[in-house]
Amino acid sequence: MKKILITGGAGFIGSHVVRLFVNKYSGYQIFNLDKLTYAGNLANLKDIENKPNYTFIKGDIVDSEFISKLFSEHKFDAVIHLAAESHVDRSISNPLEFVMTNVIGTVNLLNAAKTIWQPSTGNNGRFYHVSTDEVYGTLGETGLFTEATAYDPHSPYSASKASSDHFVRAYHDTFRIDIVISNCSNNYGSYHFPEKLIPLSIYNIKNSKPIPVYGKGENIRDWLFVEDHARAIDVIFHKAKSGTTYNIGGHNEWTNIDLIRLLCKIMDKKLNRAEGESAKLITFVKDRAGHDLRYAIDSTKLQKELGWTPSLQFEEGLEKTVEWFLSNEEWLNNVTSGEYKKYYEEQYTKR
Ligand code: NAD
Ligand code: DAU
């Protein structure tokens, strides 16, 4: 049985990746390593927690001694690395935490992998690093990010992800570790933590709170349904050549304000409100510092070489997502209490 370590599996995207791998591959023993920060939540994986091919390990990737012991105990055959600090606004308030988890944490995992795999002796595992399109910086009105686009990160978050991508490639070039990297656009779907634009807006509309729109709402993001991202990771993990990179995206660009207006329309219907009622909650607030104008992904390489395509149209995916949040009130109430509530109120009063 192959032992696969997935890091960050109790977060948003990681939980979808863990679920997919546990359900699809009974021949893999899936180890989910997560520190369970404010963004990690074991309730995200309730449906698979008792499966025989699933093991949860609570731990911090920044703790090099713990990581090195874990690897020598389990001798993992492969790593799919998603654990990270992931929210741009938090990286502006606390950049060092992003350096620690995203850079040092990644290097700790690479060092431990290098020790157990010893690629120079011909023994090798696969280190799959899950990264973001934000490493490419921002686009103007035209053009798309390709795998050849130069890195140009602008936020402490994207700088930390860019740095970790460079380390992963350096360990391939220097130590011959078998690596793959994917850079994906904005995800949305179930279990999305409600500090990010879509789930935060759903939560606020539901509770008749203001929907904070940064600047004029003209920034553009390229949205992909999270289960399509998980499927892409599956395909890349199994089929990509060592040392390669793939961009993942849905060719689905929306300005923030248009997206929020669509969301308000969907929510009016689902909540039996008069059309236009939720849109009254839209509130323009101070812009994010260093706010990238536009992200858009060219995923031709992934589609042509590995045959992946997104499965859902955005309108359908967004409606499905709204339905999920409305029927999972307990999950939403749990994650919006405690530490998150304090942070959110602090951010909100600052604006
Ligand atoms: P998330 O914030 O929802 O989850 C991150 C998970 O990592 C949490 O479960 C958290 O507990 C865990 N974690 C954080 N620090 C840790 C540490 N020191 N040790 C162990 N675990 C730790 O993030 P997400 O949105 O699911 O993103 C997952 C990955 O995908 C990240 O690497 C992110 O950069 C990348 N990504 C995200 C998006 C997106 O739209 N959300 C798009 C492209 C790429
Ligand atoms: O592109 C991939 C990235 O997408 C991932 O690497 C990140 O982990 C993920 O958080 C996401 O980053 P963004 O900054 O694009 O996502 P966020 O949901 O924070 O913001 C989306 C857009 O909406 C962005 O232009 C900022 C704006 N925004 C965000 C929030 C939270 C608002 O206007 N109001 C808000 O309250």
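What follows is a conversation between a trainee and a mentor about the terms used for this predicted model.

Mentor: Residues are numbered from 1 along each chain as its sequence is written, while chains are lettered from A and ligands numbered from 1 in the order in which they are written. Because the model is predicted, local features need pLDDT of at least 70 and side-chain atom pairs count only at pLDDT 80 or more, whereas totals for chains, interfaces and linings use all residues; side-chain values use heavy atoms, with hydrogens and water left out.

Trainee: What makes asparagine 207 partly exposed?

Mentor: Buried means under 20% relative accessible area, exposed means over 50%, and partly exposed lies in between, with a 1.4 Å probe and protein chains only. Asparagine 207 has a relative accessible area of 34%, so the residue is called partly exposed. Asparagine 207 is found in the loop between helix H6 (197-206) and strand E8, where helices (H or I, at least four residues) and strands (E, at least two) are DSSP runs numbered from the N terminus.

Trainee: How do you know that the side chain of asparagine 207 and the backbone oxygen of tyrosine 203 make a polar contact?

Mentor: A polar contact is a pair of N or O atoms within 3.5 Å; within protein, one must be able to donate a hydrogen and the other to accept it, and residues adjacent in sequence count only if both atoms are side-chain atoms. A polar atom of the side chain of asparagine 207 lies 2.8 Å from the backbone oxygen of tyrosine 203, so the distance falls within the cut-off.

Trainee: Why are leucine 36 and histidine 251 called partly exposed?

Mentor: Leucine 36 stands at 25% relative accessibility and histidine 251 at 48%, and both are called partly exposed because these values lie between the two cut-offs. Leucine 36 has its place in the loop between strand E2 (28-34) and strand E3 (54-58), and histidine 251 lies in the loop between strand E10 (244-248) and E11. Each residue also has a positive phi without being a glycine, about 55° for leucine 36 and near 50° for histidine 251.

Trainee: How do you know that strands E8 and E12 pair?

Mentor: Two strands pair if DSSP finds at least two bridges between them. Four bridges join E8 (residues 211-214) to strand E12 (residues 282-285), so the condition is met, and the two strands run parallel. Within this pair, tyrosine 214 stands opposite valine 285 in E12. Both faces of E8 are covered, with Ile211 and Val213 buried on one side and Pro212 and Tyr214 buried on the other.

Trainee: What makes strands E7 and E11 the edges of their sheet?

Mentor: The open sheet has three strands in the order E7-E9-E11, with mixed pairing. Strand E7 (186-188) and strand E11 (253-255) each have a single partner strand, so one side of each is left without a neighbour in the sheet. Strand E9 (residues 220-225) is joined to E11 by three bridges, and these two run antiparallel; arginine 221 has tryptophan 254 in E11 as its bridge partner.

Trainee: Which residues are closest to ligand 1, and how do you know that tyrosine 157 makes a polar contact with ligand 1?

Mentor: A residue is near a molecule if one of its heavy atoms lies within 4 Å of it, and 30 residues surround ligand 1, the closest being Ile13, Asp34, Ser86, Tyr157 and Lys161. An N or O atom in the side chain of tyrosine 157 is 2.6 Å from an oxygen atom of ligand 1, so the pair falls within the limit for a polar contact. A polar side-chain atom of lysine 161 lies 2.7 Å from an oxygen atom of the ligand. Taken alone, ligand 1 exposes 830 Å², of which the protein buries 96%, the areas coming from the Shrake-Rupley method with a 1.4 Å probe.

Trainee: What holds for ligand 2, and which strand gives the most to its shell?

Mentor: Around ligand 2 there are 23 residues, with Thr132, Asp133, Tyr157, Arg288 and His291 the closest, and strand E8 gives the most to the shell, with three residues. An N or O atom in the side chain of histidine 291 is 2.7 Å from an oxygen atom of ligand 2, so this pair also counts as a polar contact.
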